[in-house]
Amino acid sequence: FGAGSAADTFFLAFRIPNLFRRLFGEGAFAQAFVPVLTEYRSLRSASDVSALISAVAGSLGISLLAFTALGVVAAPAFIHVFAAGYVYHGAAEKLTLASDMLQITFPYLFFVAMTAFAGAVLNTWQRFAPPAFTPVLLNLCLIGAAVWLRDAFDVPVMALAWGVFAAGVVQFVFQLPFLARIGQLPVPRVDFKDEGVRRVLALMLPALFAVSVGQINLLLDTILASFLQ
């Protein structure tokens, strides 16, 4: 796709869910969840551990679903914030394309955050290979979309947006058999009053602050870059 406006617009549409992924996935969530899960596994019964995993899966999942739905519906508003320069320059076509692609890429946040959840469980059980290999699937999906799907769209770069969506699904589904193998495939239940869930949320607050500093820098870089010709 080269270093053109279409590629720039895709990178913008991909950066927004990636930013929130760093907050809710490998970033603040993993930093908060792993210590609690490790403690449960060391000091509590197997049923307590499974109950924690199911409660966190349900509570995290429903929160992510709600936020993802908001992101899809409010995609134009997100683009107007993250790419204020497009508005300033009156780049209506780029605004429309970025909004359309963001509606496709935003669900990646849900799947990749749930992938991070699964990876945290596997790492706690010292199953390091599946979480380490999982990011490769994103690259394979993007390469496959660029090679085989680009001619299927009037705007070829849309293929990459669908590649991101597919990568989220593939990464999450890839982890499930490994969770089942260690006997920790969760049955999600929403329970924000669960002791473990409340501890994870309490630990996430300072971690969110720490992680968000770098992400705010990326956000400002993106906004400033959007004003360039």
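**Exercise 1.** Locate Phe106 among the helices and state whether Phe106 is buried or exposed.

*Solution.* Start with the position: Phe106 sits in the loop that joins helix H6 (92-105) to helix H7 (108-124). Helices here are DSSP runs of H or I with at least four residues, numbered from the N terminus. Next, take the accessibility: Phe106 has 0% relative accessibility and therefore counts as buried. Buried means under 20% relative accessible area and exposed over 50%, with partly exposed in between (1.4 Å probe, protein chains only). The model is predicted: local features need pLDDT of at least 70, side-chain atom pairs count only at pLDDT 80 or more, and totals for chains, interfaces and linings use all residues. Residues are numbered from 1 along each chain as its sequence is written, and side-chain values use heavy atoms, leaving out hydrogens and water.

**Exercise 2.** Which residues are in contact with Phe106, leaving aside neighbours within four places in sequence?

*Solution.* Contact means heavy atoms within 4.5 Å. With that cut-off, the partners of Phe106 are Ile16, Pro17, Phe20, Phe67, Thr68, Gly71, Val72 and Phe78. As for C-alpha distances, Phe106 and Phe14 are 92 residues apart along the chain, yet their C-alpha atoms are separated by 7.8 Å.

**Exercise 3.** Compare the span of helix H2 (residues 28-43) with the expected value, then find where its buried residues lie.

*Solution.* The expected span is 1.5 Å times one less than the number of residues. H2 has 16 residues and reaches 24 Å from first to last C-alpha, close to the expected 22 Å. Its buried residues are Ala28, Phe29, Ala30, Ala32, Phe33, Val36, Leu37 and Tyr40. They lie on the same side of H2 because they cover an arc of only 165 degrees around the axis, taken from the directions from the helix axis to the C-beta atoms. The face turned away from this buried side carries the exposed Ser42 and Leu43. Finally, the buried residues of H2 pack against H1, H3, H7 and H10.

**Exercise 4.** Which helix gives the most to the lining of the second largest pocket, and how do the lining residues divide by class?

*Solution.* H3 gives the most, with six residues. The lining divides into 11 nonpolar, two polar and no charged residues. Nonpolar covers Ala, Val, Leu, Ile, Met, Phe, Trp, Tyr, Cys and Pro; charged covers Asp, Glu, Lys and Arg; the others, Gly among them, are polar. A pocket is an open set of points on a 1 Å grid over the protein atoms alone, where a 1.4 Å probe fits, with protein on both sides within 12 Å along at least five of seven lines; lining residues have an atom within 4 Å of a point.

Notes: Helices (H or I, at least four residues) and strands (E, at least two) are DSSP runs, numbered from the N terminus.
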